[in-house]
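Let's take a look at how one small residue sits in its surroundings, and then step back to the helices around it.

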Amino acid sequence: MRRRKLAYGVMMGACLTLFVLAWTVVRLFSPALAVAMTVVAMVIPPFAAVVANWNYDRDE
């Protein structure tokens, strides 16, 4: 359970970091890259939820 929570936290932290960096720093240099970073960040949460719930029934 601890490993799954850690993986979820890391993935969501990366997602948040991508969003913040894309629209505070990167958009000043390349708006297209900021949009691409946002798209990548939008894909991360569903995978983080799958990782967090992987084998949930077996652990309890």
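Ala34 is buried, with a relative accessible area of 0% (buried means under 20%, exposed over 50%, partly exposed in between, using a 1.4 Å probe and protein chains only). Keep in mind that this is a predicted model, where local features need pLDDT of at least 70, side-chain atom pairs count only at pLDDT 80 or more, and totals for chains, interfaces and linings use all residues. Residues are numbered from 1 along each chain as its sequence is written, and side-chain values use heavy atoms, with hydrogens and water left out.

So what is Ala34 in contact with, leaving aside its neighbours within four places in sequence? Ala22, Trp23, Val26 and Arg27, where contact means heavy atoms within 4.5 Å. The C-alpha atoms of Ala34 and Trp23 are separated by 6.4 Å, with the two residues 11 apart along the chain.

Ala34 belongs to helix 2 (helices are DSSP runs of H or I with at least four residues, numbered from the N terminus). Other buried residues of helix 2 include Met37, Thr38 and Ala41, and its buried residues pack against helix 1.

Here is how the two helices meet:

| Feature of helix 1 and helix 2 | Value |
|---|---|
| Axes come within | 8 Å |
| Axes cross at | roughly 170° |

Axes are lines fitted to C-alpha atoms, for helices over the stretch in contact, and angles run from 0 to 180 degrees between N-to-C directions. Helix 1 and helix 2 are therefore roughly antiparallel to each other, the word for angles over 145 degrees.

Conventions. Helices (H or I, at least four residues) and strands (E, at least two) are DSSP runs, numbered from the N terminus. Angles under 35 degrees count as roughly parallel, over 145 as roughly antiparallel, 65 to 115 as roughly perpendicular and the rest as oblique.
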